[in-house]
Amino acid sequence: MNRVIRIADRPAVPWKNGGGTTREIAVFPPDAGMDDFVWRLSMARVEQAGAFSTFDGVDRVLAVLEGRLRLSGAGIDVTLDGDSAPFGFDGGTKIAGEPLAGPVVDLNAMARRGRCGVAMERLAAGTAVAGGDAVFLIALEPQRIGADELGRLDGLRVAAPVTTGGAALVARFTLEGSTRR
């Protein structure tokens, strides 16, 4: 069964460096911490420039939802905005993020390499999405998906197939050896 995740219900946790906040959307295994998750999906508000936390052995994919964000360091120099494709990188890479012209909101998917794969893409209205064990839609605009009304930035954990009612992002986590996507 599909499950709505209201972003307003996810607490904003301040970063240790004071540069922003994070709202955890979902994590596996349930209640896993930053050192023992297999996969993690979160939304962050970046308010000032600073170094990203490093996660050795973790693949990351980041998509900007609001604002413009410059990522730089260790062979990376890219500026992302709300129209950019999600950007994948090695979580162990030392990089810095700099919001350009105001705060940035981003979606961050992380997967423990060798245990889980991760993919993220932007979707237009009317796109069919297959369900799976760990498939999440994030509404980029208010929309109806099946019987569910989603506000902007609300999520839907997709277990059964759906069709987007507006622009959205989909994040998929696939446990190694799983046949479900």
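Which residue forms a salt bridge with Asp59, and how many Å apart are the closest N and O atoms? It's Arg113, with those atoms 2.9 Å apart. Keep in mind that this is a predicted model.

**Charged pairs**

Asp59 sits in strand β6, while Arg113 is in the loop between β9 and β10, so this pair links distant parts of the chain, 54 residues apart. Both partners have some surface showing: Asp59 is partly exposed at 28% relative accessible area, and Arg113 is partly exposed at 38%. There's a third player here too, since Asp59, Asp90 and Arg113 are linked in a network of salt bridges.

The count of salt bridges comes to nine. Here are three of them, with the N to O distance for each.

| Salt bridge | Closest N to O distance |
|---|---|
| Asp59 and Arg113 | 2.9 Å |
| Glu24 and Arg40 | 3.1 Å |
| Arg152 and Glu66 | 3.1 Å |

Take the pair of Arg152 and Glu66, which form a salt bridge. Arg152 belongs to the loop between β14 (148-150) and β15 (155-157), and Glu66 to strand β6, so these two link distant parts of the chain, 86 residues apart. Arg152 is partly exposed at 35% relative accessibility, and Glu66 is partly exposed as well, with 31%.

Then there's Glu24 with Arg40, whose side chains meet in a salt bridge. Glu24 is in strand β3 and Arg40 in strand β4, so the pair ties together parts that lie 16 residues apart in sequence. Is Arg40 buried or exposed? Arg40 has a relative accessibility of 9%, so it counts as buried, the cut-off being under 20%. Its partner Glu24, at 28%, is partly exposed.

**The nonpolar cores**

Now for the greasy part. The largest nonpolar core has 25 residues, and the members touching the most other members are Ile25, Met43, Leu107 and Phe173. Several strands each supply at least two residues of this core, including β3 (20-28), β4 (39-46), β6 (58-73) and β17 (168-175). Which strand gives the most to this core? That would be β9, with four residues.

Met43 is a good residue to click on in the viewer. Leaving out residues up to four places away in sequence, Met43 touches Ile7, Thr21, Thr22, Arg23, Ile25, Leu65, Val105, Asp106, Leu107, Ile138 and Leu153. Apart from the largest core lies another one, made of 12 residues, among them Val135, Ile145, Leu150 and Val162.

Methods. Residues are numbered from 1 along each chain as its sequence is written. This is a predicted model: local features need pLDDT of at least 70, side-chain atom pairs count only at pLDDT 80 or more; totals for chains, interfaces and linings use all residues. Side-chain values use heavy atoms; hydrogens and water are left out. A nonpolar core is a set of buried Ala, Val, Leu, Ile, Met, Phe, Trp, Tyr and Cys residues joined through side-chain atoms within 4.5 Å. Buried means under 20% relative accessible area, exposed over 50%, partly exposed in between (1.4 Å probe, protein chains only). Contact means heavy atoms within 4.5 Å. A salt bridge is a side-chain nitrogen of Lys or Arg within 4 Å of a carboxyl oxygen of Asp or Glu.
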